[in-house]
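Here are a few notes from my read-through, for you to check against the coordinates. Have a look at the structure first, then take the points in order.

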Amino acid sequence: MSPTPDDFAPERSLAEINADIRCLFARAEGRLSDTERIRHAALLQEWATAVRASVVPAA
């Protein structure tokens, strides 16, 4: 069975993920620790997945 668009739907909206990224930097005052860098990388991956899921294929 081929995947449907719902199979790739992100769990959170782009706005929610972006807010988390902004909060991470605000708390860290722009300087991320190693742990925060790992969290940032995970958030960027989640954001990229959500962006890809939001793209509508051309007809």
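1. Let's start with His 40, which sits in helix H2, the run covering residues 34-54. Keep in mind that this is a predicted model.

2. Is His 40 buried or exposed? It counts as buried, because its relative accessibility is 17% and the cut-off for buried is under 20%.

3. So who are the neighbours? Leaving out residues up to four places away in sequence, His 40 touches Ile 21, Leu 24, Phe 25 and Leu 32.

4. Ile 21 is worth a look from its own side. With the same sequence neighbours left out, Ile 21 is in contact with His 40, Leu 43 and Leu 44.

5. Next, Ala 42, which also belongs to helix H2. Ala 42 comes out as partly exposed, because its relative accessibility is 41%, and that category lies between 20% and 50%. Its C-alpha is 9.9 Å from that of Ile 21, with the two residues 21 apart along the chain.

6. Now the core. Which residues make up the largest nonpolar core? There are 7 residues in all: Ile 17, Ile 21, Leu 24, Ala 28, Leu 32, Leu 43 and Ala 50. Helices H1 (14-28) and H2 each supply at least two residues of this core, and the largest share, 4 residues, comes from H1. As background, nonpolar side chains in soluble globular proteins tend to be buried together.

7. Putting the two together: His 40 touches Ile 21, Leu 24 and Leu 32, among others, and these three are listed in that core.

Methods: Residues are numbered from 1 along each chain as its sequence is written. This is a predicted model: local features need pLDDT of at least 70, side-chain atom pairs count only at pLDDT 80 or more; totals for chains, interfaces and linings use all residues. Side-chain values use heavy atoms; hydrogens and water are left out. Buried means under 20% relative accessible area, exposed over 50%, partly exposed in between (1.4 Å probe, protein chains only). Contact means heavy atoms within 4.5 Å. A nonpolar core is a set of buried Ala, Val, Leu, Ile, Met, Phe, Trp, Tyr and Cys residues joined through side-chain atoms within 4.5 Å.
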